[in-house]
Amino acid sequence: MANRFELIKAVEQSQLRTDLPVIEVGDYVHVSLRITEGSRERIQVFEGTVIAKDGKGLTETFTVRRLAYGIGVERILQVHSPKIADIKVARKGVTRRAKLYYLRDRVGKGARLREKLNTKK
């Protein structure tokens, strides 16, 4: 039984991505996604605030929320997915919660988070 779990862990270890930055809840991120349309492949950027993180290891996901034409759009993305080309952290946000679902009810200035200031020298 233990051998099976070790084998699964070894296979998962080879699939984990180490080229992406560490993202946290409250960060404003630009996620570059590989979109396949027929035989062509292009990169589309989805940008927004990370409102949740779930799971661990290969099944780790994060939820990004943005406002598009006044309507809230959320995408749940897998961290280790090959569909993600790149992640750039634009701003670090200060939060006191692990899940920012309360942002769904807020628009405009009420939906903003304080920016984390980099005080290290």
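This is a stop-by-stop tour of a predicted model, from the whole chain down to single residues.

**Whole chain**

Start with everything shown as a cartoon. You should see one helix and five strands. Colour from the N terminus on, and the elements run α-β-β-β-β-β. Orient the view along the principal axes: the C-alpha atoms fill a box of roughly 55 × 40 × 35 Å.

Now switch on the surface. The accessible surface comes to about 9000 Å², and carbon and sulfur atoms account for 51% of that. The chain has 121 residues, and buried residues make up 26% of them. Take the contacts between residues at least 6 apart in sequence: 51% of these join residues at least 24 apart.

**The largest nonpolar core**

Hide the surface. Select Val29, Val31, Phe62, Val64, Leu77, Ile84 and Ile87. These residues touch the most other members of the largest nonpolar core, which has 13 residues. Next, colour strand 1 (28–37), strand 2 (40–54), strand 3 (61–68) and strand 5 (84–91); each gives two or more residues to this core. Strand 1 provides the largest share, three residues.

Centre on Val29. Which residues is Val29 in contact with, leaving aside neighbours within four places in sequence? Show Ile23, then Phe46, Glu47, Gly48 and Val50. Add Val64, and finish with Ile87, Lys88, Val89 and Ala90.

**A second core**

Select Val25, Ala52, Leu100 and Leu103. They are among the five residues of a second core, separate from the one above.

**Thr49**

Move along strand 2 to Thr49. Is Thr49 buried or exposed? Its relative accessible area is 17%, so Thr49 counts as buried, the cut-off being under 20%. Show what surrounds this residue. Setting aside residues up to four places away in sequence, Thr49 touches Gly26, Asp27 and Tyr28. Thr49 also touches Thr63, Val64 and Arg65. Leu103 and Leu113 complete the set. Two of these partners have come up already: Val64 belongs to the largest core, and Leu103 to the second one.

**The largest pocket**

Keep Thr49 selected and add Tyr28, Arg91, Ala111 and Arg112. Of the 19 residues that line the largest pocket, these five lie nearest its centre. The space inside is about 390 Å³. Strand 2 and strand 3 each supply at least two residues of the lining. Colour the lining by residue type: six are nonpolar, five polar and eight charged.

**The second largest pocket**

Swing round to the second largest pocket, with a volume of about 170 Å³. Select its lining in order of sequence. Begin with Arg17, Leu20, Pro21, Val22 and Ile23. Continue with Lys53, Glu60 and Phe62. End with Val79, His80 and Ile87. By type, seven of the lining residues are nonpolar, one is polar and three are charged. Phe62 and Ile87 also appear in the largest nonpolar core, and Ile23 is a contact of Val29.

**Ser81**

For the last stop, go to the loop between strand 4 (71–78) and strand 5, and pick Ser81. Ser81 is a loop residue, yet it is buried, with a relative accessible area of 15%. Draw a distance from Ser81 to Asp19, C-alpha to C-alpha. It reads 12 Å in space, across 62 residues in sequence.

Key. Residues numbered from 1 in each chain as written. Predicted model: local features only at pLDDT ≥ 70, side-chain atom pairs only at ≥ 80, totals over all residues. Heavy atoms only, no water. Core = buried A, V, L, I, M, F, W, Y, C linked by side-chain atoms within 4.5 Å. Buried < 20%, exposed > 50% of the residue type's maximum accessible area, 1.4 Å probe, protein only. Helix = DSSP H or I, 4+ residues; strand = E, 2+ residues; numbered from the N terminus. Contact = heavy atoms within 4.5 Å. 1 Å grid on protein atoms, 1.4 Å probe; cavity = no way out; pocket = protein on both sides within 12 Å on 5 of 7 lines; lining within 4 Å. Points joined across faces, edges and corners; volume = space filled by probe spheres on them. Nonpolar A, V, L, I, M, F, W, Y, C, P; charged D, E, K, R; others polar. Areas by Shrake-Rupley, 256 points an atom, 1.4 Å probe, with all protein chains shown as cover.
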